[in-house]
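The following exercises are to be worked with the sequence and the coordinates at hand. Each task is followed by a solution in steps.

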Amino acid sequence: MPVLQLELPDLSATETLGALLADGLAAGDVISLSGPLGAGKSALARAIIQAANPAETDVPSPTFTLVQTYELGNGTPLWHLDLYRIESPEDAMQLGLDDAFIDAVCLIEWPDRLKKLLPKTNLSIHLYMADGDDSSSNIRFADITAPPHWAARMTAIIARSEERRVGKEC
């Protein structure tokens, strides 16, 4: 699976990526968000959720609740999970993920906690800061690994990121 690397120099870039990812979300889509603390996982999840359902103005991180549920415009449930506090993959599955992986869209922070139970068809996004940057810097990067069924959406994301790059060079 190819990897696309995007620079996210500010919150606006993260929100744009979130809007592009939200476009066309459907039941069964799983987006895994990995990276160190402060890398922007919750910010990207929030951007995806708000783009998928603009009525959601308050999108808290599910750090303590483990899961927050929302609804897409077409009625499809969207699960936002933060598995940081999960101790085993089995504990995570007790949240009802078997069904959610089929019937809902899942945004999963700390997907490594699921180990082999994470669907192989997930869109993997690894967020990180540039080498040497500290958390006070807003410049982040996203490495996106897409399964085949995301090909058309990835083409749109690539085109949009190229437009941004060309716009900055002019």
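**Exercise 1. A hairpin and its glycine**

Which residue takes a positive phi in the hairpin of S3 and S4, and how many residues lie between the strands?

Solution. The model is a predicted one.
Step 1. The hairpin of S3 and S4 has five residues between its strands.
Step 2. Gly75 is the residue with a positive phi, near 90°.
Step 3. The two strands of the hairpin are paired in the antiparallel sense, over five bridges. Within this pairing, Val67 has Leu81 in S4 as its bridge partner.

**Exercise 2. The order of the sheet**

Determine the order of the strands in the sheet, and state which strands stand at the edges.

Solution.
Step 1. Begin with the inventory: the chain contains five helices and seven strands. Read from the N terminus, these elements follow one another as β-α-β-α-β-β-α-α-β-β-β-α.
Step 2. Seven strands make up an open sheet with mixed pairing, and their order is S1-S7-S6-S2-S5-S4-S3.
Step 3. The edge positions belong to strand S1 (3-8) and strand S3 (67-71); each has a single partner strand, so one side of each has no neighbour in the sheet.
Step 4. From one strand to the next, the twist averages 15°.

**Exercise 3. Parallel pairs within the sheet**

Identify how many bridges join S4 to S5 and how many join S2 to S6, and name a residue pair in each case.

Solution.
Step 1. Recall that strands of a sheet pair through backbone hydrogen bonds, in a parallel or an antiparallel arrangement.
Step 2. S4 and S5 run parallel and are joined by five bridges. Leu78 has Val105 as its bridge partner in S5.
Step 3. Strand S2 (residues 30-34) and strand S6 (residues 123-129) also run parallel, with four bridges between them. Opposite Ser34 stands His126 in S6.
Step 4. Consider how S4 is covered: five of its six residues are buried, so S4 is largely enclosed by the rest of the structure.

**Exercise 4. Helices on the sheet**

Establish which strands helices H1 and H2 touch or lie across, and give one angle for each helix.

Solution.
Step 1. Helix H1 (residues 11-22) lies across S1, S6 and strand S7 (140-145). Its direction is at about 140° to S1.
Step 2. Helix H2 (residues 41-52) packs on the sheet and touches S2, S3, strand S4 (77-82), strand S5 (105-109) and S6. The direction of H2 makes about 165° with that of S5.

**Exercise 5. Aromatic pairs**

How many aromatic pairs does the structure hold? Classify each by its geometry and locate its members.

Solution.
Step 1. There are two aromatic pairs in the structure.
Step 2. Tyr84 and Trp110 make up a tilted pair, with 4.9 Å centre to centre and 55° between the planes. Tyr84 belongs to the loop between S4 and helix H3 (89-93), and Trp110 to the loop between S5 and S6, so this pair ties together parts 26 residues apart in sequence.
Step 3. Tyr84 counts as partly exposed, at 35% relative accessibility, whereas Trp110, at 14%, counts as buried.
Step 4. The ring centres of Tyr128 and Phe141 are 5.7 Å apart and their planes stand at 20°; because planes under 30 degrees apart count as stacked, this pair is stacked. Tyr128 lies in strand S6 and Phe141 in strand S7, so the parts tied together are 13 residues apart in sequence.
Step 5. Tyr128 counts as buried at 19% relative accessibility, and Phe141 is buried with a relative accessible area of 16%.

**Exercise 6. Positive phi in the loop between S5 and S6**

What are the phi values of Trp110 and Lys115? Is Lys115 buried or exposed?

Solution.
Step 1. Trp110 has a positive phi of about 60° although it is not a glycine.
Step 2. Lys115, likewise a residue other than glycine, has a positive phi near 50°. Lys115 is found in the loop between S5 and S6, where Trp110 also has its place.
Step 3. Lys115 counts as exposed because its relative accessibility is 61% and the cut-off for exposed is over 50%.

**Exercise 7. A charge over a ring, and the chain totals**

Over the face of which residue does Arg153 lie? What share of the chain counts as buried?

Solution.
Step 1. Arg153 lies over the face of Trp150, at 3.6 Å from the ring centre.
Step 2. Of the 170 residues of the chain, 45% count as buried.
Step 3. The chain exposes about 8700 Å², of which carbon and sulfur atoms supply 53%.

Technical notes:
Residues numbered from 1 in each chain as written. Predicted model: local features only at pLDDT ≥ 70, side-chain atom pairs only at ≥ 80, totals over all residues. Heavy atoms only, no water. Pairing = 2+ DSSP bridges. Axes fitted to C-alpha atoms, helices over the stretch in contact; angles between N-to-C directions. Contact = heavy atoms within 4.5 Å. Phe/Tyr/Trp six-rings, centres within 6.5 Å; stacked < 30°, edge-to-face > 60°. Buried < 20%, exposed > 50% of the residue type's maximum accessible area, 1.4 Å probe, protein only. Lys NZ or Arg CZ within 6 Å of the ring centre and 35° of its normal. Areas by Shrake-Rupley, 256 points an atom, 1.4 Å probe, with all protein chains shown as cover.
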